[in-house]
Amino acid sequence: MKLLTTVLNRLKISEFINTEEGRRAFENAQRDIVTLYPAISYLEQDDTNSTNTFKDSLLKVAVETGRIYTLEAVLTFQSANTSNGIGIALKVPPSVDFTFDWHHNTASSVKGGGYCNASGSVSADTSTVPAANSNIPLIGKGIIKAGASGDVVLQFRSESTDTVTLKGGLCVLRLMQVV
């Protein structure tokens, strides 16, 4: 984002930018670039948790005060035991309103879901998985209204004390500014 802003700043033409029309055009171009280029957080390595206490994952994206965003999560997880699932939550800065909807497999052909609207609250949890140590998809979408700047962090936990793993290379958060 800083690179794009730098490029825009260098493109300023002093006679044009000092006019009201020029300032509006520059502000619109900055907003359009922010909207066109989402913030993406990609999990490069496996991230594990063997407790039923939420842990911050390595996935996070930054929000700015007064902005509205859509957030998408495409995750893949594994559980060491078929009778153990994963719990997912979002940790957000204070004064941030959001809703988030999750969809996941609870059995080989059964879809489950959940939602969250409070920081650190369970939004998706599976009590079982179709097969131990196999990739299970977990997809989420939501909207965020940032009343404060800070990081939105994906949190996760085991439903028991068996290990759950967010799979490196197969987990992405994508934040897109709307306003």
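The following paragraphs lead through the fold of this chain, from its overall composition to its strands, charged pairs and buried residues.

The model is a predicted one. Its chain has 179 residues, of which 36% count as buried. Three helices and 12 strands make up the secondary structure. Contacts between residues 24 or more positions apart account for 80% of those with a separation of 6 or more. The accessible surface of the chain amounts to about 9,500 Å², and carbon and sulfur atoms contribute 53% of that area.

Strand β12 is a suitable place to begin. It spans residues 172-177, and its side chains alternate between two faces. Leu173, Leu175 and Gln177 point to one face and are buried, whereas Val172, Arg174 and Met176 point to the other and are not buried. This arrangement follows a general pattern: in a regular strand, side chains alternate between the two faces of the sheet. Strand β12 pairs with β1 in the antiparallel sense, over four bridges. It is also joined to β4, again antiparallel, by six bridges. Arg174 takes part in both pairings: Ile40 stands opposite this residue, and Arg174 is likewise the bridge partner of Glu72.

The pairing of Glu72 with Arg174 extends to the side chains, which meet in a salt bridge with an N to O distance of 2.9 Å. Because Glu72 lies in strand β4 (residues 68-79) and Arg174 in strand β12, the pair ties together parts that are 102 residues apart in sequence. Both members are partly exposed: Glu72 has a relative accessible area of 26%, and Arg174 has one of 31%.

Strand β4 also pairs with β9, in the antiparallel sense and over 10 bridges. Within this pairing, Val74 has Ile139 of β9 as its bridge partner. Strand β9 covers residues 136-146 and has one covered face and one uncovered face. The covered face is formed by Ile136, Leu138, Gly140, Gly142, Ile144 and Ala146. On the uncovered face are Pro137, Ile139, Lys141, Ile143 and Lys145. Ile139, the partner of Val74, therefore belongs to the uncovered face of β9.

On the other side of the discussion of β12 stands its partner β1, which comprises residues 39-42 and includes Ser41. Is Ser41 buried or exposed? At 6% relative accessibility, Ser41 counts as buried. A polar atom of the Ser41 side chain lies 3.1 Å from the backbone nitrogen of Lys60. Beyond its neighbours within four places in sequence, Ser41 is in contact with Leu58, Leu59, Lys60 and Val61, and also with Cys171, Val172 and Leu173. Val172 and Leu173 point to opposite faces of β12.

The salt bridge between Glu72 and Arg174 is one of six in the structure. In general terms, side chains of opposite charge can pair when their charged atoms come close. Another example is the salt bridge between Lys55 and Asp47, where the closest N and O atoms are 2.6 Å apart. Here the two partners differ in burial: Lys55 is partly exposed, with a relative accessible area of 29%, whereas Asp47 counts as buried at 5%. A further salt bridge links Arg157 and Glu159, with the closest N and O atoms 3.4 Å apart. In this case Arg157 is buried, at a relative accessible area of 18%, while Glu159 is partly exposed at 26%. Since buried means under 20% relative accessible area, the value of 18% places Arg157 in the buried class.

Two further sites concern buried residues. The structure holds one aromatic pair, formed by Phe100 and Trp102. The arrangement of the two rings is tilted, with 4.8 Å from centre to centre and 55° between the planes. Both residues are buried: Phe100 has a relative accessible area of 2%, and Trp102 has one of 0%. Gly85, in the loop between β4 and β5 (86-91), is also buried, with a relative accessible area of 0%. The C-alpha atom of Gly85 is separated by 9.2 Å from that of Thr163, a residue 78 positions away along the chain.

Methods
Residues numbered from 1 in each chain as written. Predicted model: local features only at pLDDT ≥ 70, side-chain atom pairs only at ≥ 80, totals over all residues. Heavy atoms only, no water. Buried < 20%, exposed > 50% of the residue type's maximum accessible area, 1.4 Å probe, protein only. Contact = heavy atoms within 4.5 Å. Areas by Shrake-Rupley, 256 points an atom, 1.4 Å probe, with all protein chains shown as cover. Salt bridge = Lys/Arg side-chain N within 4 Å of Asp/Glu carboxyl O. Polar contact = N/O pair within 3.5 Å; in protein donor to acceptor, adjacent residues only side chain to side chain. Pairing = 2+ DSSP bridges. Phe/Tyr/Trp six-rings, centres within 6.5 Å; stacked < 30°, edge-to-face > 60°.
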